[in-house]
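Student: Hi! I'm new to this one and would love a quick tour. Could you pull it up so we can look together?

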Amino acid sequence: MQKLSRVLALVELVVAFGACGDSGGISATYSGLATSDERIIDGTPTSQWPAVGALIAEFDDNYGGTFWGAYCSATLIDPEWVLTAAHCVNGTDIPGAYQAYFFSGASVSVSGSGTKAQSDQLIAHPGWDPDAITNDIALVHLAAPLTSVPPITYATSSITVGTSIKWVGYGVNVATGGGNGDGGGTKRTATGSVGSLSFTTYDYDANANGQLTCFGDSGGPDLVGSTGNEKVTGVHSTVSDDYCSTTGTSTRVDSYADWIADTMAGGTTQGCEITGGDCDSSQACEMTTSGINSCFPSSNKAIGQTCNSDLTGVSTVPCTDGATCVDFVDGEICYGYCKSGSDCPNGKGCAFVFANTTTIGLCIVDECDVRGGDCGTAACYPVSDSVARCATSNQIAAGASCNANASSSDPLECADGSLCIPNDSGSAAGTCLAMCLTNTDCGTGGVCDKPIFADIATIGVCTNTTVTCSCDTSATCQANCSCDPNCGGTTNNEDCSCDKTYACDKRGSADCSCDPECDGESSGCGCSADTRTAHVALPAVLLLSLLRRRRW
């Protein structure tokens, strides 16, 4: 099914001219609001459910009268709080908080027929995306409690496919195309059923009588339950066509129950605890794009179980509370969330691997030291700057040649503690070099070249290679002493040694001394083999980018 494309737009305003004493109403479009709306097509007029009302705008006109009219539907869920759609409270065409009222009554067009309460705060879900039409849910706070209307509670448990739902709203009765219609402002109802679920929305088709939500029903409720015991399970969000004849979509209220409760409690919390414990047994806490965690319906797969990390079109998140499904180091399984290593069982480390947060990580099995020693015949590979884990290895020794272009699905090339580095930028030919955290990991005079991974600043490789300088090692000093080019120096005929920067004097004369760069001591006159380690530069590209982050 094609995803719904039209937000249920705002209903045409019904205007009452108070100065003229007109008790009726005429239909008029206020240019400050969108011209389309949603209403139950061919729905039955009703005076049931006083808690289901309309959002109306009211302000002084330019003729000494009062301009007011409905533009969305909504539900009173608490004496001070009204539930509606985010697109009903957020946008350039939406009235401000002190121009918006919640109206309870059978018809907005009949002046004095209902009860109205002024709002003082309009709160769209922080993850509301008007382009993608996601997180289309909002709360309206009333300036004073509305105690004369009994609220309808909202659902906190999952709805299922096939569930019968009652649509209620003040939208148009007849859609005329182009997002327009006639007959808005009267509360109507019809019955449908849930057709398909995602974990934040559900779809439904027009019923056998051709009835469906339409423009102006935006923000109105889907009610489930016996008469007098209904709960709001959905908030009308979109329709699939300009004539409201095919499919509608509602935002699942149970998926946002935690956000609703937090907002009504003051709106200062960050939702449920990501490591678990706040959601009921049928739900799991997950991160949202807004940064406010929410309890979502869950399939309750245990940590370590295989799962599908693609949430497109699914009705539940896969993993149990405190876990999430990721295709990562141990495969596509449920990983436990963590904020520190203390959140993870023994033998696991907290890897901070998410791009959008540095405070939430995943518990990873087989934590190890990248410098080697923990993995036996496997090899340690970094997952993040704080965690590494053991992986299958071809056990190529440090210093030996390796294939730097091996597939990420193949075993690691090098033995534990080392990593395959291309000999040249873009080259498949590589060398296994020891991984390091500091220069001291690379031995005396060694250099830990880092970062090697673009997203892991703390890990490098030892880019030092032992160079043997075959300088003059004859029994006596030779006037023609010469130095091997590997020493990088020139002949000094006075003391028969090579460049003092590299070569130490270890042969005979008491006045001979050794250059500190050689890390040696004086032992006489003459040239000897230099065991200084010379720095070998990595290809520049490796210093700024990830070599080949492994796809596990």
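Student: Leaving aside its neighbours within four places in sequence, which residues is leucine 76 in contact with?

Tutor: Keep in mind that this is a predicted model. Leucine 76 is in contact with Ala51, Trp81, Val82, Phe102, Leu142, Leu146, Val149, Pro151 and Ile152, once neighbours within four places in sequence are set aside.

Student: Okay, and which residues touch the most other members in the largest nonpolar core?

Tutor: Leu76 is one of them, along with Leu55, Leu83, Phe102 and Ile260. That core has 42 residues.

Student: Which elements each supply at least two residues of this core?

Tutor: The strands are β5 (52–60), β6 (66–78), β7 (81–84), β8 (100–104), β9 (115–124), β10 (138–142) and β18 (231–239), and helix α1 (257–264) does so too.

Student: Which of those gives the most?

Tutor: That's β6, with five residues.

Student: How many residues are in the other core?

Tutor: There are 20 in that one, which lies apart from the core we just discussed. Cys368, Ala379, Leu412 and Leu433 are among them.

Student: New topic! In what order do the three strands of the open sheet come?

Tutor: The order is β20-β21-β22, with mixed pairing. At the edges are β20 (283–286) and β22 (317–319), each pairing on one side only. On average, neighbouring strands here are turned by 55° against each other, direction ignored.

Student: Do β21 and β22 pair in the parallel or antiparallel sense, and over how many bridges?

Tutor: Parallel, over two bridges; β21 covers residues 294–301.

Student: What is the bridge partner of serine 298 in β22?

Tutor: Valine 317 is its partner there.

How values were computed
Residues numbered from 1 in each chain as written. Predicted model: local features only at pLDDT ≥ 70, side-chain atom pairs only at ≥ 80, totals over all residues. Heavy atoms only, no water. Pairing = 2+ DSSP bridges. Helix = DSSP H or I, 4+ residues; strand = E, 2+ residues; numbered from the N terminus. Axes fitted to C-alpha atoms, helices over the stretch in contact; angles between N-to-C directions. Core = buried A, V, L, I, M, F, W, Y, C linked by side-chain atoms within 4.5 Å. Buried < 20%, exposed > 50% of the residue type's maximum accessible area, 1.4 Å probe, protein only. Contact = heavy atoms within 4.5 Å.
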